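Hi everyone, thanks for coming along. Please have the sequence and the 3D view open while I talk, and stop me whenever you get lost.

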Amino acid sequence: MSAYKIIITSGYRNTAHEIKVGNKSGKGYHTTGDAVDINVWKNAKERYTSKEICLALEDLEWRKGIGIISNTAVHIDTRIIKYYFDERDNNKSIGNSFYDYYKEDKNKVLNDAIKKVCKEFELNENLLGANFCILFSIS
């Protein structure tokens, strides 16, 4: 995923603002400076979906907090344990994987990405796929 720009729509919040935005206790990861809410832009006119952002964060092995806020906004925090959730559903856990939550096959998503890159740069798909596999096994 490449980003044209990333906009932080919310970072640190004081207690009063945290209550105003719906957290009745006034305590949360934003109030300790340990969370951001973001939108990620593909280009000057189009944002990535929250689904695309969440899948990319999972691929990057972010093992902290990731929450879906809306169709294009995502919450990220630095909590001690991994917690993937949906704020649209009262912060309900989505389980251990956004791939499972969205019923996506991780291998298919990767293969589709390889095909897109190959088409864009007129590369041999089979060769690029083999190189990707080597890179992933090294890292």
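I'll go through the sheet, then one residue beside it, and then some salt bridges.

Before we start, please keep in mind that this is a predicted model.

Let's begin with the sheet. Six strands make it up, and the sheet is open. If you walk across it, you meet the strands in the order β1-β2-β4-β3-β5-β6, and their pairing is mixed. Which strands sit at the edges? Those are β1 and β6, each of which pairs on one side only. As you step from one strand to the next, the twist averages 35°.

Now zoom in on strand β5, residues 83-86. On one hand, β5 pairs with β3, residues 65-68, in the parallel sense, over four bridges. On the other hand, β5 and β6 run antiparallel, and three bridges join them. So here is a nice pair of examples to click through.

Try aspartate 86 in β5. Its bridge partner in the parallel pair is isoleucine 68. Aspartate 86 also stands opposite lysine 92 in β6. Then find tyrosine 84, which stands opposite glycine 95 in β6. Strands β5 and β6 form a hairpin with five residues between them, and there asparagine 90 takes a positive phi near 60°.

Next, a residue just along the chain: asparagine 96. Where is it? Asparagine 96 lies in the loop between β6 (92-95) and α3 (98-101). Is asparagine 96 buried or exposed? With a relative accessible area of 62%, asparagine 96 is exposed, because the cut-off for that word is over 50%. Leaving aside residues up to four places away in sequence, asparagine 96 touches Lys82 and Tyr84. That is the tyrosine that we saw opposite glycine 95. Here is one more distance to try: the C-alpha atoms of asparagine 96 and glutamate 58 are separated by 9.8 Å, while the two residues are 38 residues apart along the chain.

Let's move on to charged side chains. How many salt bridges does the model have? The count comes to eight, and I'll show you some of them.

Start with arginine 13. It forms a salt bridge with glutamate 18, and the closest N and O atoms are 3.0 Å apart. Arginine 13 also forms a salt bridge with aspartate 37, again with the closest N and O atoms 3.0 Å apart. This second pair links distant parts of the chain, 24 residues apart: arginine 13 sits in the loop between β1 (5-10) and α1 (15-20), and aspartate 37 sits in strand β2, residues 35-41.

Are these residues buried or exposed? Arginine 13 has a relative accessible area of 11%, so it counts as buried. Glutamate 18 is at 4%, so it is buried too. Aspartate 37 is also buried.

Compare that with another salt bridge, the one between lysine 42 and glutamate 52, where the closest N and O atoms are 3.5 Å apart. Lysine 42 lies in the loop between β2 and α2 (50-59) and glutamate 52 lies in helix α2, so the pair ties together parts that are 10 residues apart in sequence. Lysine 42 is partly exposed, at 30% relative accessible area, and glutamate 52 is partly exposed as well, at 29%.

To finish, go back to arginine 13. Salt bridges that share partners join Arg13, Glu18 and Asp37 into one network. Thanks for listening, and I'm happy to take questions.

Technical notes:
Residues are numbered from 1 along each chain as its sequence is written. This is a predicted model: local features need pLDDT of at least 70, side-chain atom pairs count only at pLDDT 80 or more; totals for chains, interfaces and linings use all residues. Side-chain values use heavy atoms; hydrogens and water are left out. A salt bridge is a side-chain nitrogen of Lys or Arg within 4 Å of a carboxyl oxygen of Asp or Glu. Buried means under 20% relative accessible area, exposed over 50%, partly exposed in between (1.4 Å probe, protein chains only). Helices (H or I, at least four residues) and strands (E, at least two) are DSSP runs, numbered from the N terminus. Contact means heavy atoms within 4.5 Å. Two strands pair if DSSP finds at least two bridges between them. Axes are lines fitted to C-alpha atoms, for helices over the stretch in contact, and angles run from 0 to 180 degrees between N-to-C directions.
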